[in-house]
Amino acid sequence: MIVVWVFGFGSLTFDGWQSEFGCVGSQRATLRGYRRTFNKKSVVNWGTKENPGITLNLEPFDGASCEGAAFEL
């Protein structure tokens with residue numbers, strides 16, 4: 001059996017996506033060396049092709065950390 005841990009933050013910590021992927025557990029987690037930043041463009045839930053909305057993403061950053069959850073799949 002292969003076990004994979006996936007880090008999530010924001011709405012990924014509570015919106016239930018993990019049940020579709022066979023999640024067997026989760027716990028609070030801190031991802032060190034990364035910070036959240038609005039650097040990803042999206043038209044999935046907001047914005048348009050001509051003017052996409054910006055969404056949060058992770059980027060490497062010395063000394064930073066991001067609080068979230070680790071999901072065991």
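Is Trp5 buried, partly exposed or exposed? Keep that residue in mind while we look around this protein together, and remember along the way that the model is predicted.

Let's start with the overall layout. The protein has three strands and zero helices, and reading from the N terminus the order of elements is simply β-β-β. Its C-alpha trace extends about 45 × 35 × 20 Å along the principal axes. The radius of gyration is 14 Å, while a compact globule of 73 residues would come out near 11 Å. Of the 73 residues, 22% are buried. The accessible surface adds up to about 5,600 Å², and carbon and sulfur atoms hold 54% of that surface. As for charge, there are 7 positive and 7 negative side chains, and the centres of these two sets are 6 Å apart.

How do parts of the chain that are distant in sequence meet? Among contacts with a separation of 6 or more, 71% are between residues 24 or more positions apart. We can follow some individual residues to see what this looks like.

Back to Trp5, then. This residue sits in strand 1, which covers residues 5-8. Trp5 counts as partly exposed because its relative accessibility is 45%, and the partly exposed class lies between 20% and 50%. If we leave out residues up to four places away in sequence, Trp5 touches Gln27, Ala70, Phe71 and Glu72. Not every part of the chain comes to Trp5 in this way: the C-alpha atom of Ser65, 60 residues away along the chain, is 18 Å from that of Trp5.

One of the partners of Trp5 is Ala70, so let's hop over to that residue next. Ala70 belongs to strand 3. With a relative accessibility of 12%, Ala70 is buried, because the cut-off for that class is under 20%. Beyond its sequence neighbours within four places, Ala70 touches Trp5, Val6, Gly25, Ser26, Gln27 and Ala29. You can also find Thr13 in the model: Thr13 and Ala70 are 57 residues apart along the chain, yet their C-alpha atoms are separated by 8.6 Å.

Now look at the loop between strand 1 and strand 2, where you will find Gln18. Is Gln18 buried or exposed? Its relative accessible area is 17%, so Gln18 counts as buried. Setting aside neighbours within four places in sequence, the contacts of Gln18 are Leu12, Cys23 and Phe71. Phe71 also appeared among the residues that Trp5 touches.

Next comes strand 2, which runs over residues 25-47 and includes Gly33. Gly33 counts as partly exposed because its relative accessibility is 27%. Apart from residues up to four places away in sequence, Gly33 touches Glu59, Pro60, Phe61, Ala64 and Ser65. Leu12 lies 21 residues from Gly33 along the chain, and the C-alpha atoms of these two residues are 20 Å apart.

Following the contact from Gly33 to Glu59 takes us into strand 3, residues 52-72. Which residues does Glu59 meet, other than neighbours within four places in sequence? They are Gly33, Tyr34, Arg35, Thr37 and Asn39. One of these, Arg35, has a further link: its side chain and that of Glu59 are joined by a polar contact of 2.7 Å.

A last stop is Gly63, also a strand 3 residue. At 83% relative accessibility, Gly63 counts as exposed, because that class begins over 50%. The C-alpha atoms of Gly63 and Gly47 are separated by 32 Å, with their positions 16 residues apart along the chain.

Looking back, you have now visited a residue from each class: Ala70 is buried, Trp5 is partly exposed, and Gly63 is exposed. You have also followed contacts from strand 1 to strand 3, with Trp5 touching Ala70, and from strand 2 to strand 3, with Gly33 touching Glu59.

How values were computed:
Residues numbered from 1 in each chain as written. Predicted model: local features only at pLDDT ≥ 70, side-chain atom pairs only at ≥ 80, totals over all residues. Heavy atoms only, no water. Helix = DSSP H or I, 4+ residues; strand = E, 2+ residues; numbered from the N terminus. Rg over C-alpha atoms; globule rule 2.2 N^0.38 Å. Buried < 20%, exposed > 50% of the residue type's maximum accessible area, 1.4 Å probe, protein only. Contact = heavy atoms within 4.5 Å. Areas by Shrake-Rupley, 256 points an atom, 1.4 Å probe, with all protein chains shown as cover. Lys, Arg positive; Asp, Glu negative; His and termini not counted. Charge placed at Lys NZ, Arg CZ, Asp CG, Glu CD. Polar contact = N/O pair within 3.5 Å; in protein donor to acceptor, adjacent residues only side chain to side chain.
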